[in-house]
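Student: I would like a close look at a single helix and its surroundings, taken slowly enough that I can follow along residue by residue. Could you then set that part beside the rest of the chain?

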Amino acid sequence: AMLQLNETRLDEAFNRMLALYPPATLLERLLLPLLESLEQRWQGQFGSRIEQVFFHSWLQSKLGARIYNNNRQQSGQRLLLVNLCENPMDPGLWLNAWLASSHQLLIDVFEWPVPLAELGLALDCMQPAALLLYACQSLDSDCLQRHLPRLASSSGVPLLLIGPAASIHATELGDIPGLNLAVTPLDALTQLQRMQRQGESA
């Protein structure tokens, strides 16, 4: 369906798999291996950009709609997930948001990258339960040495860096008080559930 750019068939296949498997299993056994295979397929092949844009657009639309509906059905304090990638439709961003949402965690997503120095404005207005930063590539030295430590010390909420950057910069960031790291969506979900339990017991 994806190779034929057929949104209807892609929807049907996704819905069929979601009816058979819980989201975490579907993500681990199907979606993440599929994305890895597609990324390899898209390396230098004619027409690959069309396939990539189609699939990423479909994924963002599909998962974004489910997150929206889940948020509407529940009330309470939300998580704020902010994209630090150059690509606003990076699939890792939406897979993390969807997995958290599918486990009854309310979540708002900033899909376009924003300056870290401006996030204090969003925190003041939205009062999230935690701030999640998704980064699919290495971060610059200004972010590592100035902005992330400042956020961790002043945000007043749990801070979680998610994605490949958490692995790339594990040594530099591992000693920052208040900053948690998670490489995969499943790692992030485990961290978020731990934070939720700590919040409930506080």
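Tutor: What follows takes one helix from its start to its end and then turns to the cores and a few single residues.

The model is a predicted one, and the part to look at is helix H6, which runs over residues 141-154. H6 has 14 residues and reaches 19 Å from its first C-alpha to its last, close to the 20 Å expected at 1.5 Å a residue. Even so, H6 carries a kink of about 30 degrees at His147, shortly before the proline Pro149. At the start of the helix, a side-chain oxygen of Asp140 reaches to within 3.2 Å of the backbone nitrogen of Asp142.

Consider next which residues of H6 are buried: Cys143, Leu144, His147, Leu148, Leu151 and Ala152. An α-helix has 3.6 residues a turn, so residues three or four places apart point the same way. With that spacing in mind, the list of buried positions can be read again along the helix, from Cys143 and Leu144 through His147 and Leu148 to Leu151 and Ala152. The cover over these buried residues includes helix H5, strand S3, strand S4, helix H8 (170-173) and strand S5 (179-182).

Beyond its last residue, H6 is followed by Gly156, whose phi is positive, near 80 degrees. In the loop between H6 and S4 one also finds Ser155, which is counted as buried because its relative accessible area is 15%, under the 20% limit. A polar atom of the Ser155 side chain lies 3.1 Å from the backbone oxygen of Val157, and, neighbours within four places in sequence left aside, Ser155 is in contact with Leu123 and Arg150.

Cys143 deserves a separate word, since a bench biochemist may well ask about cysteines. The structure holds 0 disulfides, and for Cys143 the nearest cysteine sulfur, that of Cys85, is 12 Å away. A disulfide would need the two sulfur atoms within 2.5 Å, so this pair does not qualify. Both residues are nevertheless buried, Cys143 with a relative accessible area of 7% and Cys85 with one of 0%.

For the wider setting, turn to the largest nonpolar core, in which Trp98 and Leu132 touch the most other members of its 37 residues. Among the elements that each supply at least two residues of this core are helix H1 (7-20), helix H2 (23-41), S3 and S4, while helix H4 gives the most, with 7 residues. Apart from this core lies another, of 24 residues, among them Leu139, Val157, Ala165 and Leu173. Val157 is thus a member of that second core as well as the residue whose backbone oxygen Ser155 approaches. Leu132, for its part, has contacts beyond four places in sequence that include Leu79, Ile107, Leu160 and Leu192.

Two residues outside H6 complete the view. Asn71 lies in helix H3 and counts as buried, at 6% relative accessibility; its side chain reaches the backbone oxygen of Ile107 at 2.8 Å. The C-alpha atoms of Asn71 and Gly156, 85 residues apart along the chain, are separated by 23 Å. Gln127, in the loop between H5 (119-126) and S3 (130-134), is partly exposed, with a relative accessible area of 49%, and touches Gln77 and Ala122 when residues up to four places away in sequence are not counted.

Key:
Residues numbered from 1 in each chain as written. Predicted model: local features only at pLDDT ≥ 70, side-chain atom pairs only at ≥ 80, totals over all residues. Heavy atoms only, no water. Helix = DSSP H or I, 4+ residues; strand = E, 2+ residues; numbered from the N terminus. Buried < 20%, exposed > 50% of the residue type's maximum accessible area, 1.4 Å probe, protein only. Contact = heavy atoms within 4.5 Å. Core = buried A, V, L, I, M, F, W, Y, C linked by side-chain atoms within 4.5 Å. Expected span 1.5 Å × (residues − 1). Bend = angle between axes of the 7 residues up to and from the residue. Polar contact = N/O pair within 3.5 Å; in protein donor to acceptor, adjacent residues only side chain to side chain.
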